[in-house]
Amino acid sequence: MESVVSIKGLDKTYAGGHQALKNINLDIRPGEIFALLGPNGAGKTTLISSICGIAHPTSGEILVDGQDIQKNFRHTRSMIGLVPQELTTDAFETPWVTVNFSRGLFGKPADHAYVEQVLKDVSLWDKRHNKIMTLSGGMKRRLLIAKALAHQPRILFLDEPTAGVDVELRREMWQLVHKLRKTGVTIILTTHYIEEAEEMADRIGVIANGELILVEEKQALMQKLGKKELVLDIKQPLTELPASLQAFALEIRSQGHQLVYTFDSQADRTGITSLLDALRDQNIVFNDLSTTQSSLEEIFVQLLEEA
Ligand SMILES: Nc1ncnc2c1ncn2[C@@H]1O[C@H](COP(=O)(O)OP(=O)(O)OP(=O)(O)O)[C@@H](O)[C@H]1O
């Protein structure tokens, strides 16, 4: 399967000497939702800007639809829709006018039927003749997407699509992105919300300090995250583990008041039943037990520490 975006050995050093991207290699598959996850300043915007031809890489190669973005800028740029974080202009315009205008900027002939469809897709058709300044925050964000789709791009970049929006609006955006994917658009989004990557993406790339430290199928990543902890609050504190419990690799916490067992929740056998039997045999009584899921958050923090 040919990649829609192919990046090889990409480096970017800003004029001040800061190296924002270090040897990035990445292939984006047609029709996927790819989340680029990373903390502030990791290089996400620089990477997207480089693909869109806004930032100029120091070295490396970027192909969009098989074509070099520097040699065939007009073609590759026309394949891309970029959704910035905020709407900066057009307060007195209407969605209808501004989306038609955005289409014209790419030299595409007017197509009112298409623009109508886009405005319907983002649920702004009813508002098409209202001034943009009167739209809600969520509507403005959807309008940004409509503008980015105006010229029928095949790749849509969403830069922090839900930064600073409330939970309800975030869910609404996620639904919209899933809906757009069904139209065949490849979607690349940046986020520093792990939950967002988890909710939306087919694949997740983690970027830190300009390096792409991991690219993985979300499902595979989630499997790795299948690890859970069973925490037992025990009645009589333990200083060390009885020999019969050694096999369970238990951790003693809270000055001996807690035993923690790590297990794989996706496995056929978790070992919990045998552990509870072994505890009973040792007359170890517990008052409470709970399980916690290790989250993408924890993996993410761990990856960043290792990077
Ligand atoms: N025009 C510029 N000139 C110099 N340095 C820059 C410029 N733009 C970005 N940088 C630096 O490059 C690094 C990566 O910035 P970038 O905006 O790509 O990060 P980001 O991952 O998008 O962060 P955020 O999540 O905060 O948007 C940062 O250290 C930033 O300060």
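How far is an oxygen atom of the ligand from a polar backbone atom of glycine 43? The gap comes out at 2.8 Å. Keep in mind that what you are looking at is a predicted model. Below is a quick tour that starts at the ligand, moves through an open sheet of four strands and an open sheet of six strands, and finishes at leucine 212 in strand 10.

**Around the ligand**

- The ligand has 13 residues around it, and the closest are Gly41, Gly43, Lys44, Thr45 and Thr46.
- Glycine 41 puts a polar backbone atom 2.7 Å from an oxygen atom of the ligand.
- Lysine 44 joins in through its side chain, with a polar atom 2.8 Å from an oxygen atom of the ligand.
- On its own the ligand has 640 Å² of accessible area, and the protein covers 60% of that.
- If you sort the shell by residue type, you get seven polar residues, four nonpolar ones and two charged ones.
- Helix 1, which spans residues 44-51, gives the most to this shell, with three residues.

**The four-stranded sheet**

- Here is some background: strands of a sheet pair through backbone hydrogen bonds, either parallel or antiparallel.
- This open sheet runs in the order 2-1-4-5, and its pairing is antiparallel.
- At the edges you'll find strand 2 (19-28) and strand 5 (67-68), each of which pairs on one side only.
- Strand 1 (residues 5-13) pairs with strand 4 (residues 59-64) in the antiparallel sense, over five bridges.
- Two places to look along that pairing are valine 5, which stands opposite valine 64, and aspartate 11, which stands opposite serine 59.
- Strand 1 also pairs with strand 2, again in the antiparallel sense, this time over six bridges.
- In that pairing, lysine 12 stands opposite leucine 21.
- Strand 1 and strand 2 form a hairpin with five residues between the strands, and glycine 17 takes a positive phi near 100 degrees there.
- Helix 1 turns up again here: this helix lies across strand 1, strand 2 and strand 4, and runs at about 120 degrees to strand 1.

**The six-stranded sheet**

- This open sheet has the strand order 6-7-8-3-9-10, with mixed pairing.
- Strand 6 (80-83) and strand 10 (211-217) each have a single partner strand, so one side of each is left without a neighbour in the sheet.
- On average, neighbouring strands of this sheet are turned by 15 degrees against each other, direction ignored.
- Strand 3 (residues 33-37) and strand 8 (residues 186-191) pair in the parallel sense over five bridges.
- Within that pair, isoleucine 33 stands opposite isoleucine 187.
- Helix 5 (residues 137-149) packs on the sheet and touches strand 6 and strand 7 (155-159).
- The direction of helix 5 makes about 160 degrees with that of strand 6.

**A closer look at leucine 212**

- Leucine 212 sits in strand 10, one of the edge strands of the six-stranded sheet.
- Which residues does leucine 212 touch, not counting those up to four places away in sequence? They are Ile24, Asn25, Leu26, Leu36, Gly205, Val206 and Ile207.
- Leucine 212 and asparagine 25 are 187 residues apart along the chain, yet their C-alpha atoms are separated by 7.8 Å.
- Asparagine 25 falls within strand 2 (19-28), an edge strand of the four-stranded sheet.

Conventions: Residues numbered from 1 in each chain as written. Predicted model: local features only at pLDDT ≥ 70, side-chain atom pairs only at ≥ 80, totals over all residues. Heavy atoms only, no water. Near = heavy atom within 4 Å. Polar contact = N/O pair within 3.5 Å; in protein donor to acceptor, adjacent residues only side chain to side chain. Areas by Shrake-Rupley, 256 points an atom, 1.4 Å probe, with all protein chains shown as cover. Nonpolar A, V, L, I, M, F, W, Y, C, P; charged D, E, K, R; others polar. Pairing = 2+ DSSP bridges. Contact = heavy atoms within 4.5 Å. Axes fitted to C-alpha atoms, helices over the stretch in contact; angles between N-to-C directions.
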